[in-house]
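Student: Could you go through this structure with me and show how its labels are earned?
Tutor: Gladly, let's take a look together.

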Amino acid sequence: QVQLVESGGGSAQAGGSLRLSCQASGNTYSYWMAWFRQAPGKEREGVAGIETNGLTYYTDSVKGRFTISKDNTKDTLYLQMNSLSPDDTAMYYCAAAPTRPPYYSVSWPRAIRYRYWGQGTQVTVSS
């Protein structure tokens, strides 16, 4: 059983930055991991994914603004968010898969691919 705990959420002005962290109880080097977000009244959306070899994937709306990374020495997943906009306001969740989901390069945004989930951290961006 892997436990994931997110932190780093909060309030920011449009154009500002936040860095989210996700502390894992297990070894992150062996997991495929991702960040998701869910705004009120909307479906959960895959934001960024990272493979065990470091390959990364992003949804179009965050490309060039967000960066996903892992520090395997600290068992921690990060999401650096720059140039924030009010549309980024949501609850952000980290997720982990113990084995490579099929066709991960295209399936990474599908929530069903991940076994473990954190409780989420709220990000609110004001204009």
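**Asking how we know**

Tutor: About 6,500 Å² of the chain is exposed, with carbon and sulfur atoms supplying 47% of it (areas by the Shrake-Rupley method with a 1.4 Å probe, where for residues only the protein chains shown count as cover). This is a predicted model, in which local features need pLDDT of at least 70 and side-chain atom pairs count only at pLDDT 80 or more, while totals for chains, interfaces and linings use all residues. Residues are numbered from 1 along each chain as its sequence is written, and side-chain values use heavy atoms, leaving out hydrogens and water.

Student: Why is Tyr-116 called buried?
Tutor: Buried means under 20% relative accessible area, exposed over 50%, and partly exposed in between (1.4 Å probe, protein chains only). Tyr-116 has 9% relative accessibility, so Tyr-116 counts as buried.

Student: And what makes Tyr-31 buried or exposed?
Tutor: Its relative accessible area is 14%, so Tyr-31 is buried.

Student: The structure holds 7 aromatic pairs. Why is the pair of Tyr-31 and Tyr-116 called edge-to-face?
Tutor: Rings of Phe, Tyr and Trp (its six-membered ring) pair if their centres lie within 6.5 Å; planes under 30 degrees apart count as stacked, over 60 as edge-to-face and the rest as tilted. Tyr-31 and Tyr-116 are 6.3 Å apart centre to centre, with 70° between the planes, so the pair is edge-to-face.

Student: How do you know what Tyr-104 is, buried or exposed?
Tutor: Tyr-104 is at 0% relative accessibility, so Tyr-104 counts as buried.
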